[in-house]
Amino acid sequence: MKAAVLQFPGSNCDRDMYMALKNAGADVTMVWHKEADLPAGVDVIGVPGGFSYGDYLRCGAIAANSPITKALKAHVERGGYAFGICNGFQVLTEARLLPGALLRNAGLKYICRTVDLSVETTDSPYTSAYTQGQHIGIPIAHHDGNFTADEDTLDMLEGEGRVAFRYVNNPNGSKRDIAGIVSENRRVLGMMPHPERAAEPAHGNEDGKHFFTSLIDAVVSA
Amino acid sequence: MKARVFVMLKNGVLDPQGAAVQHALGALGFDGVNEVRQGKVIELDLADGTTEATINEMCEKLLANTVIESYRVELL
């Protein structure tokens, strides 16, 4: 199973994502944003958290137009797996690979703490190792994590079971407590919380580990 | 030629920063501020002959996120 983690100027969770994928059994390559092509045979692309391009213009907006993002779009169009965590989620929405947008937190503050999430569907390559409705503690660290979309889009996401995670106690004003969503084919996921920060014993919490083991299992058995 | 692009959150999209500014104006004693919406202004210095259609395309592709924002172009 081959994974690539994209690096933009200002990415700062890239190495955490690398380790989480590697510990789950993936062969991981880091890919700089100026590359036009992904390494041959990549199955999964991870878009990490951080502050790509200093969050200039809008969070994720510049990264969504980076050379490597064209390759990411082509990978997704071919039915490839891709996931974005935190700033990576913002990049995926800005690139229109996922619906909706992330606004400034309703309370205007940057929030950094572990929050409870409810696993809303196990029918995805990222959540199959959890149980439906399971509560997991995952760290958040964001200023712009307030998920929004129009009512029709929200209804569609819920109707198609595409809400992957919900906040148990909404920290940021996200519509319908949404913390993470998947694409129509369920292979693209975006979420604001950081499972890669709760993925090994030294983190003091391994609730995020199953996110990566689910993914590796899904790709290997696909 | 120059153009100015005004980008605002769409009506109906919650603007927490605008709400905070409104609250701060109230705290300063300015009564009667019913609502504050905060946006941004982007000034473009463009090659002569750049069409408004091209500027609109710049807005659609990058300067505004039309999922949540609306934009208006002013040629100077």
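This note goes through a predicted model of two chains, A and B, point by point.

1. Overall make-up of chain B. Chain B is built from two helices and three strands, and read from the N terminus these elements follow the order β-α-β-α-β. Of its 76 residues, 12% count as buried. Among the contacts in chain B with a separation of 6 or more, 66% are between residues 24 or more positions apart.

2. Dimensions of chain B. The radius of gyration of chain B is 16 Å, whereas a compact globule of 76 residues would have one near 11 Å. The C-alpha trace of the chain spans about 50 × 25 × 15 Å along its principal axes, and these two descriptions are best read together.

3. Helix 2 of chain B, its span. This helix covers residues 52-63, and although it has twelve residues, the C-alpha atoms at its ends are only 14 Å apart, which falls short of the 16 Å that a straight helix would reach at 1.5 Å a residue.

4. Helix 2 of chain B, its two sides. The buried residues of this helix are B:Ile55, B:Cys59 and B:Leu63. Seen down the axis of helix 2 of chain B, these buried residues fall within an arc of 50°, so they line one face of the helix. The face turned away from that buried side carries B:Ala53, B:Glu57, B:Glu60 and B:Lys61, which are exposed. The cover over the buried residues includes strand 1 (2-9), strand 2 (40-45) and strand 3 (69-75) of chain B.

5. Strand 2 of chain B. Although strand 2 of chain B is part of what covers the buried residues of helix 2, the strand itself is hardly covered, for the count of buried residues among its six residues is zero. Strand 2 pairs with strand 1 of chain B in the antiparallel sense, over six bridges, and within this part of the chain B:Lys2 stands opposite B:Asp45 of strand 2.

6. The contact between the chains. Eleven residues from chain A and nine residues from chain B take part in the contact. On the side of chain A that touches chain B, the residues divide into five nonpolar, three polar and three charged.

7. Helix 2 of chain A. In this helix, which covers residues 67-77, the buried residues are A:Ile68, A:Thr69, A:Leu72, A:His75 and A:Val76. Viewed down the axis of helix 2 of chain A, they fall within an arc of 110°, so they line one face of the helix. The exposed residues A:Ala74 and A:Glu77 are carried on the face turned away from the buried side. What covers the buried residues includes strand 1 (2-7), strand 2 (27-32), strand 3, strand 4 and strand 11 of chain A. The helix is followed by A:Gly79, whose phi is positive, near 90°.

8. Helix 3 of chain A. Helix 3 of chain A, covering residues 87-94, is mostly covered, with eight of its eight residues buried; among them are A:Phe89, A:Val91 and A:Leu92, and also A:Asn87, A:Gln90 and A:Glu94. The buried residues of this helix pack against strand 3 (44-47), strand 4 (81-85), strand 5 (101-103) and strand 11 (188-191) of chain A. After the helix comes A:Arg96, whose phi is positive, near 65°.

9. Strand 9 of chain A and its partners. Four of the five residues of strand 9 (residues 163-167) of chain A are buried, so this strand is largely enclosed by the rest of the structure. Strand 9 pairs in the antiparallel sense with strand 6 of chain A over three bridges, and three bridges also join strand 9 to strand 10 (residues 178-182), again in an antiparallel run. A:Arg166 of strand 9 stands opposite A:Ser118, and A:Arg166 also stands opposite A:Ile178 in strand 10.

10. A:Thr114. This residue is found in strand 6 (residues 111-119) of chain A, the strand that pairs with strand 9. A:Thr114 is partly exposed, with 18 other C-beta atoms within 10 Å, and a residue counts as buried from 20 such atoms upward. Leaving aside its neighbours within four places in sequence, A:Thr114 is in contact with A:Gly137, A:Ile138, A:Pro139 and A:Asn205. A:Gly60, which lies 54 residues from A:Thr114 in sequence, is 23 Å from it in space, C-alpha to C-alpha.

Technical notes. Residues numbered from 1 in each chain as written. Chains lettered and ligands numbered in written order. Predicted model: local features only at pLDDT ≥ 70, side-chain atom pairs only at ≥ 80, totals over all residues. Expected span 1.5 Å × (residues − 1). Arc of directions from axis to C-beta. Contact = placed C-beta atoms within 7 Å. Nonpolar A, V, L, I, M, F, W, Y, C, P; charged D, E, K, R; others polar. Pairing = 2+ DSSP bridges. Rg over C-alpha atoms; globule rule 2.2 N^0.38 Å.
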